[in-house]
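Please look at the sequence and the model below, and then follow the paragraphs that come after them. They begin with a detail of the backbone and move on to the fold and its domains.

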Amino acid sequence: MTARLAVFGNPVEHSRSPLIHEAFGKQAGIDLHYEKVLVNDGDFEREASEFMKLGIGFNITVPFKSAAWQFVDHCSDKAAQAQAVNTISRDSRGILTGDNTDGEGLVRDLVCNLGWEIESKHLLVLGGGGAVSGVLGDLLEAGPSSIDLLNRTHEKATILAQRFGDPRLRSIEKNSLAAGYDLIINGTSAGLSGEVVDLPAHIVGDQTCCYDMIYGDSTTSFNHWCLKQASCQVSDGLGMLVEQAALAFRIWFGIDVNSTRVIKLLREQL
Ligand code: ATR
């Protein structure tokens, strides 16, 4: 029987998730159909209930991760901490469980694919919205010395940092930024509209690794800015996208897939 899966979002047309999961399905020998569901404001619960009459699970993207967290019967500790769900599955008792694989997907890309270190390092995370709240738990678990959180709206970052209750994570103002962070992660949506976050040059040094959680067919505006400040290393978020999908695939089918091959495939198609 064909396994029915989907990604819910708005917009969702651009989503590469069908391609990724179809590639995983081929690798694992699983017959699956993965669709894109464009959900209108206020329709999430109705559409989700309808889909789960036949579907085995689905992914959730912007702007419904918080609605998905409220929708599920039960959620993982990660999803509860993030207050956001990106993967829904049904367990053997029919209970809908929400998970969040974004943070682990990011850490896997940083550490396993790129070979960058987090343990004992000084991190700067930019942003304070849904994307950042979904990854902070896993970043803290990876053992950094500190995570400075900087957001345009300082108050939002302060509330977010307090939620984690970890002394290594603190919300800072622009005038407290350190020089030459080990790792800078851009979790703002500024780049989606071609904007660049206004930042002082000294935060990037030659040893800094810079990661933009968004991706595109050319260097993202944030990575472009970083490369102008120093001869740092940069990466976009394509690997994170594939890794969070691989983790969702494992939740649904209990199978570990080869993500490297799929990252390569996607990169070629950008
Ligand atoms: P997402 O789910 O992608 O995180 P979001 O919850 O709307 O979307 O959050 C977007 C993030 O990008 C926020 O941290 C936002 O800053 P504010 O909290 O001040 O709104 C940040 N952001 C968006 N455009 C930005 C810009 N031009 N400069 C700086 N930060 C920006």
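In which loop is the place of Gln83? In this predicted model, Gln83 sits in the loop between H4 and strand E5, the strand that spans residues 87–90. Its backbone deserves a look, since Gln83 has a positive phi of about 55 degrees although it is not a glycine. As background, most residues other than glycine have a negative phi, and most peptide bonds are trans.

The second half of that background leads to two prolines. The peptide bond that runs from Asn10 to Pro11 is cis, with omega near 5 degrees, and Pro11 belongs to the loop between strand E1 (3–9) and helix H1 (17–28). Further along the chain, Val62 and Pro63 are also joined by a cis peptide bond, for which omega is about 5 degrees; here the loop that holds Pro63 lies between strand E3 (57–60) and helix H3 (65–71).

Stepping back to the whole chain, the reader can count 11 helices and 12 strands in the protein. The radius of gyration is 18 Å, close to the 18 Å that the globule rule gives for 270 residues, so the protein is as compact as a globular protein of that length. Along the principal axes, the C-alpha atoms fill a box of roughly 55 × 40 × 30 Å.

The chain is divided into two domains: domain 1 is made up of residues 3–100 together with 244–269, while domain 2 covers residues 103–236. Taken over C-alpha atoms, the centres of domain 1 and domain 2 are separated by 25 Å. Where the domains meet, 12 residues of domain 1 are in contact with 14 residues of domain 2. The size of an interface is often given as the accessible area lost when the parts come together. For domain 1 and domain 2, the area buried between them is about 1100 Å², with 40% of it on carbon and sulfur atoms. Of the area that domain 1 buries against domain 2, 41% is supplied by Lys78, Gln81 and Leu247, which is more than any other three residues give.

Charge and polarity also enter at this boundary, where there are 4 salt bridges between domain 1 and domain 2, along with 5 residue pairs in polar contact. On the side of domain 1 that touches domain 2, helix H4 (77–82), helix H10 (238–253) and helix H11 (259–269) each supply at least two residues, and H10 gives the most, with 4 residues. Sorted by class, this side of domain 1 has 4 nonpolar, 4 polar and 4 charged residues. Lys78, already met in the account of buried area, forms a salt bridge with Asp138, and the closest N and O atoms of this pair are 2.9 Å apart.

Side chains of opposite charge can pair when their charged atoms come close. Over the whole structure, a search finds 16 salt bridges. One further pair to inspect is Glu35 with Arg4, a salt bridge whose closest N and O atoms are 3.0 Å apart. This pair links distant parts of the chain, with Glu35 in strand E2 (residues 32–38) and Arg4 in strand E1, 31 residues apart.

Methods. Residues are numbered from 1 along each chain as its sequence is written. This is a predicted model: local features need pLDDT of at least 70, side-chain atom pairs count only at pLDDT 80 or more; totals for chains, interfaces and linings use all residues. Side-chain values use heavy atoms; hydrogens and water are left out. Domain bounds come from an automatic or database domain assignment. Contact means heavy atoms within 4.5 Å. Buried area is the accessible area (1.4 Å probe) that two parts lose on being put together, summed over both. A salt bridge is a side-chain nitrogen of Lys or Arg within 4 Å of a carboxyl oxygen of Asp or Glu. A polar contact is a pair of N or O atoms within 3.5 Å; within protein, one must be able to donate a hydrogen and the other to accept it, and residues adjacent in sequence count only if both atoms are side-chain atoms. Ala, Val, Leu, Ile, Met, Phe, Trp, Tyr, Cys and Pro count as nonpolar, Asp, Glu, Lys and Arg as charged, and the others, Gly among them, as polar. The radius of gyration is taken over C-alpha atoms; the globule rule is 2.2 Å times the number of residues to the power 0.38.
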